[in-house]
Amino acid sequence: GATQKFADIANGQSGGGAWCSSPAAVVSNCVFTYNSANFDGGGVSSGTLFNCVLSGNSAQEGGGAYAATLNKCTLSNNVASIGGGAILGSLSNCVLSGNSSSYGGGSSAASLVNCVLRGNSALEGGGARQGTLLNCTVIGNSALNTGGGTYGSVLTNCIVYFNSATTNAAGANYDTNNSSMT
């Protein structure tokens, strides 16, 4: 394992902490903290991560991770315009907490299995936005507009409680067309 701290990609690159050229690149037992990227993946862009911590990172999309596969990782206090914790990724057995963004505080357009989304915030989709969640716990997330827990997402066998939304009062899961909870 290693720790990457305070990296800053000033030339508009992606992957402030690590940029993986392939999803097959494996990173394990590492800490990515306080890194930033002008575009995608403040902590990491692409790759497959095991037992990593991504904390306090920032980017336009995917404050913690962009288009990565994460297993048993912790994503906390990351910030992005879209997907505070992660975007366009696949997460399994991860904890996403205290992340924030305009759209998808914990995650956006991601697939999550056996994850905990706790205390994330956004304008839409405090916990998750436009994602697929299976066997996840979505607790204590908030949205200024809609979908305190999730927005436009498909949830299967998930526990959703104590989420809040201010404007449209849809605290659990909100979308006018494509949301479902089973």
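I take helices (H or I, at least four residues) and strands (E, at least two) as DSSP runs, numbered from the N terminus. With that in hand, I looked up Ser101 and found its place in strand β18, residues 100-103. I note that this is a predicted model, in which local features need pLDDT of at least 70 and side-chain atom pairs count only at pLDDT 80 or more, while totals for chains, interfaces and linings use all residues. Residues are numbered from 1 along each chain as its sequence is written, and side-chain values use heavy atoms, with hydrogens and water left out.

Entry on Ser101. I asked whether Ser101 is buried or exposed. Ser101 is buried, because its relative accessible area is 10% (buried means under 20%, exposed over 50%, partly exposed in between, with a 1.4 Å probe and protein chains only).

I then listed its polar contacts (pairs of N or O atoms within 3.5 Å; within protein, one must be able to donate a hydrogen and the other to accept it, and residues adjacent in sequence count only if both atoms are side-chain atoms). The side chain of Ser101 reaches the backbone oxygen of Tyr103 at 3.0 Å and the backbone oxygen of Gly104 at 2.9 Å, and a polar atom of that side chain lies 3.5 Å from the backbone nitrogen of Gly105.

Beyond its neighbours within four places in sequence, I find Ser101 in contact (heavy atoms within 4.5 Å) with residues including Ala80, Ile82, Gly84, Ser121 and Leu123. I also noted that the C-alpha atoms of Ser101 and Gly63, 38 residues apart along the chain, are separated by 8.5 Å.

Entry on strand pairing (two strands pair if DSSP finds at least two bridges between them). Strand β22, residues 121-124, runs parallel to strand β26, residues 142-146, and 3 bridges join them; here Glu124 has Thr146 in β26 as its bridge partner. I followed β26 onward to strand β30, residues 164-165, with which it pairs in the parallel sense over 2 bridges, and there Ala143 is bridged to Ala165.

Entry on aromatic rings (rings of Phe, Tyr and Trp, the last by its six-membered ring, pair if their centres lie within 6.5 Å; planes under 30 degrees apart count as stacked, over 60 as edge-to-face and the rest as tilted). My search of the whole structure gave 1 aromatic pair. Tyr161 and Phe162 form it edge-to-face, at 5.2 Å centre to centre and 65° between the planes. Tyr161 is partly exposed, with a relative accessible area of 34%, whereas Phe162 is exposed, at 69%.
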